[in-house]
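Here are my notes on the model you sent, set out as numbered points. Please read them with the structure open beside you.

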Amino acid sequence: MNDLPSLLNRQHAHLADMLALLQEEFFLIEQRQALSLPELAQRKQTLVGDIQSLDEQIASFDAAAASQHQPQVKEITSLLQACQEQNDINGKLLELSITANRRLAGLLAQLRDRNSLTYDARGHTRSGTRSRSIKA
(Lines give C-alpha, C1' and ligand atoms only; values in the text may rest on other atoms or scores of the structure.)
Protein backbone atom coordinates (compact mmCIF):
# COMPACT_ATOMS: atom_id res chain seq x y z
CA MET A 1 0.00 0.00 0.00
CA ASN A 2 3.07 2.25 -0.04
CA ASP A 3 3.36 2.44 -3.80
CA LEU A 4 3.58 5.91 -5.31
CA PRO A 5 0.06 6.12 -6.78
CA SER A 6 -1.57 5.23 -3.44
CA LEU A 7 0.66 7.71 -1.60
CA LEU A 8 -0.27 10.43 -4.09
CA ASN A 9 -3.96 9.59 -3.70
CA ARG A 10 -3.69 9.81 0.10
CA GLN A 11 -1.78 13.09 -0.17
CA HIS A 12 -4.48 14.50 -2.45
CA ALA A 13 -7.17 13.44 0.05
CA HIS A 14 -5.26 15.00 2.97
CA LEU A 15 -4.81 18.29 1.10
CA ALA A 16 -8.49 18.34 0.16
CA ASP A 17 -9.33 17.82 3.84
CA MET A 18 -6.94 20.63 4.76
CA LEU A 19 -8.57 23.01 2.30
CA ALA A 20 -12.00 22.18 3.74
CA LEU A 21 -10.64 22.74 7.25
CA LEU A 22 -9.17 26.10 6.23
CA GLN A 23 -12.49 27.15 4.72
CA GLU A 24 -14.23 26.15 7.96
CA GLU A 25 -11.66 28.19 9.88
CA PHE A 26 -12.39 31.19 7.65
CA PHE A 27 -16.11 30.86 8.38
CA LEU A 28 -15.49 30.64 12.14
CA ILE A 29 -13.24 33.71 12.12
CA GLU A 30 -15.71 35.60 9.96
CA GLN A 31 -18.60 34.69 12.28
CA ARG A 32 -16.46 35.56 15.35
CA GLN A 33 -16.73 32.11 16.87
CA ALA A 34 -13.30 32.14 18.45
CA LEU A 35 -14.11 29.45 21.01
CA SER A 36 -14.24 26.85 18.21
CA LEU A 37 -10.79 27.76 16.85
CA PRO A 38 -8.56 25.81 19.33
CA GLU A 39 -10.20 22.48 18.45
CA LEU A 40 -9.90 23.32 14.77
CA ALA A 41 -6.24 24.28 15.19
CA GLN A 42 -5.56 20.91 16.79
CA ARG A 43 -7.17 19.12 13.83
CA LYS A 44 -5.07 21.25 11.46
CA GLN A 45 -1.89 20.36 13.33
CA THR A 46 -2.66 16.64 13.09
CA LEU A 47 -3.38 16.95 9.39
CA VAL A 48 -0.15 18.90 8.80
CA GLY A 49 1.77 16.07 10.48
CA ASP A 50 0.11 13.51 8.21
CA ILE A 51 0.88 15.62 5.12
CA GLN A 52 4.54 15.98 6.12
CA SER A 53 4.85 12.26 6.74
CA LEU A 54 3.43 11.48 3.31
CA ASP A 55 5.75 14.06 1.74
CA GLU A 56 8.75 12.25 3.20
CA GLN A 57 7.50 8.92 1.86
CA ILE A 58 6.82 10.40 -1.59
CA ALA A 59 10.26 12.05 -1.65
CA SER A 60 11.89 8.65 -1.25
CA PHE A 61 10.81 7.70 -4.79
CA ASP A 62 13.11 8.57 -7.66
CA ALA A 63 12.33 11.30 -10.19
CA ALA A 64 11.57 8.79 -12.96
CA ALA A 65 8.73 7.26 -10.93
CA ALA A 66 7.36 10.72 -10.14
CA SER A 67 7.47 11.78 -13.79
CA GLN A 68 5.06 8.96 -14.67
CA HIS A 69 2.45 10.57 -12.40
CA GLN A 70 3.03 14.18 -13.44
CA PRO A 71 -0.68 15.13 -13.88
CA GLN A 72 -1.49 13.92 -10.37
CA VAL A 73 1.56 15.71 -8.95
CA LYS A 74 0.48 18.95 -10.64
CA GLU A 75 -3.01 18.60 -9.18
CA ILE A 76 -1.58 18.02 -5.71
CA THR A 77 0.72 21.04 -6.13
CA SER A 78 -2.17 23.28 -7.11
CA LEU A 79 -4.21 22.00 -4.16
CA LEU A 80 -1.29 22.78 -1.86
CA GLN A 81 -1.07 26.29 -3.30
CA ALA A 82 -4.81 26.78 -2.69
CA CYS A 83 -4.30 25.70 0.93
CA GLN A 84 -1.45 28.17 1.36
CA GLU A 85 -3.49 31.01 -0.11
CA GLN A 86 -6.50 30.24 2.10
CA ASN A 87 -4.22 30.04 5.15
CA ASP A 88 -2.78 33.48 4.31
CA ILE A 89 -6.28 34.91 3.96
CA ASN A 90 -7.28 33.39 7.30
CA GLY A 91 -4.20 34.89 8.95
CA LYS A 92 -4.97 38.37 7.64
CA LEU A 93 -8.61 38.10 8.69
CA LEU A 94 -7.54 36.97 12.15
CA GLU A 95 -5.17 39.93 12.46
CA LEU A 96 -7.97 42.31 11.47
CA SER A 97 -10.29 40.69 13.99
CA ILE A 98 -7.73 41.02 16.78
CA THR A 99 -7.14 44.68 15.91
CA ALA A 100 -10.88 45.37 15.93
CA ASN A 101 -11.24 43.64 19.30
CA ARG A 102 -8.44 45.75 20.77
CA ARG A 103 -10.08 48.93 19.49
CA LEU A 104 -13.39 47.85 20.97
CA ALA A 105 -11.76 47.07 24.31
CA GLY A 106 -10.15 50.51 24.33
CA LEU A 107 -13.42 52.17 23.47
CA LEU A 108 -15.25 50.29 26.21
CA ALA A 109 -12.56 51.24 28.72
CA GLN A 110 -12.93 54.88 27.73
CA LEU A 111 -16.70 54.72 28.08
CA ARG A 112 -16.41 53.06 31.46
CA ASP A 113 -13.89 55.56 32.71
CA ARG A 114 -15.31 58.58 30.90
CA ASN A 115 -15.37 60.73 34.02
CA SER A 116 -11.82 59.89 35.01
CA LEU A 117 -9.94 60.19 31.71
CA THR A 118 -6.56 61.82 31.70
CA TYR A 119 -3.91 62.38 29.07
CA ASP A 120 -0.36 61.08 29.05
CA ALA A 121 2.72 62.95 27.80
CA ARG A 122 1.96 61.95 24.19
CA GLY A 123 -1.63 63.16 24.31
CA HIS A 124 -3.19 59.70 24.42
CA THR A 125 -6.14 59.15 26.72
CA ARG A 126 -6.06 56.73 29.60
CA SER A 127 -8.05 56.08 32.69
CA GLY A 128 -7.09 58.32 35.56
CA THR A 129 -8.10 55.68 38.10
CA ARG A 130 -5.34 53.40 36.91
CA SER A 131 -2.64 55.91 37.73
CA ARG A 132 0.19 54.61 39.86
CA SER A 133 0.37 57.84 41.84
CA ILE A 134 -3.04 57.31 43.45
CA LYS A 135 -2.90 55.24 46.59
CA ALA A 136 -6.03 53.99 48.21
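1. Helices here are DSSP runs of H or I with at least four residues, strands are runs of E with at least two, and both are numbered from the N terminus. On that basis the protein chain, which is a predicted model, has four helices and two strands, and from the N terminus on these elements follow the order α-α-α-α-β-β.

2. Helix 1 covers residues 4-30, and because a rise of 1.5 Å a residue gives its 27 residues an expected span of 39 Å, the 39 Å that separates its end C-alpha atoms agrees with expectation. Just after helix 1, Arg32 adopts a positive phi of about 60 degrees.

3. Which residues have the most contacts inside the largest nonpolar core? They are Leu15, Met18 and Cys83, in a core of 20 residues. Helix 1, helix 2 (37-59) and helix 4 (70-112) each contribute at least two residues to this core, and the largest share, ten residues, is supplied by helix 1.

4. Cys83 deserves a separate look: once its neighbours within four places in sequence are set aside, Cys83 is in contact with Leu15, Met18, Leu19 and Leu22.

5. For the chain as a whole, 25% of the 136 residues count as buried, and the exposed area is about 10,000 Å², of which carbon and sulfur atoms supply 54%. Among contacts with a separation of 6 or more in the protein chain, 64% are between residues 24 or more positions apart.

Methods. Residues numbered from 1 in each chain as written. Predicted model: local features only at pLDDT ≥ 70, side-chain atom pairs only at ≥ 80, totals over all residues. Heavy atoms only, no water. Buried < 20%, exposed > 50% of the residue type's maximum accessible area, 1.4 Å probe, protein only. Contact = heavy atoms within 4.5 Å. Areas by Shrake-Rupley, 256 points an atom, 1.4 Å probe, with all protein chains shown as cover. Expected span 1.5 Å × (residues − 1). Core = buried A, V, L, I, M, F, W, Y, C linked by side-chain atoms within 4.5 Å.
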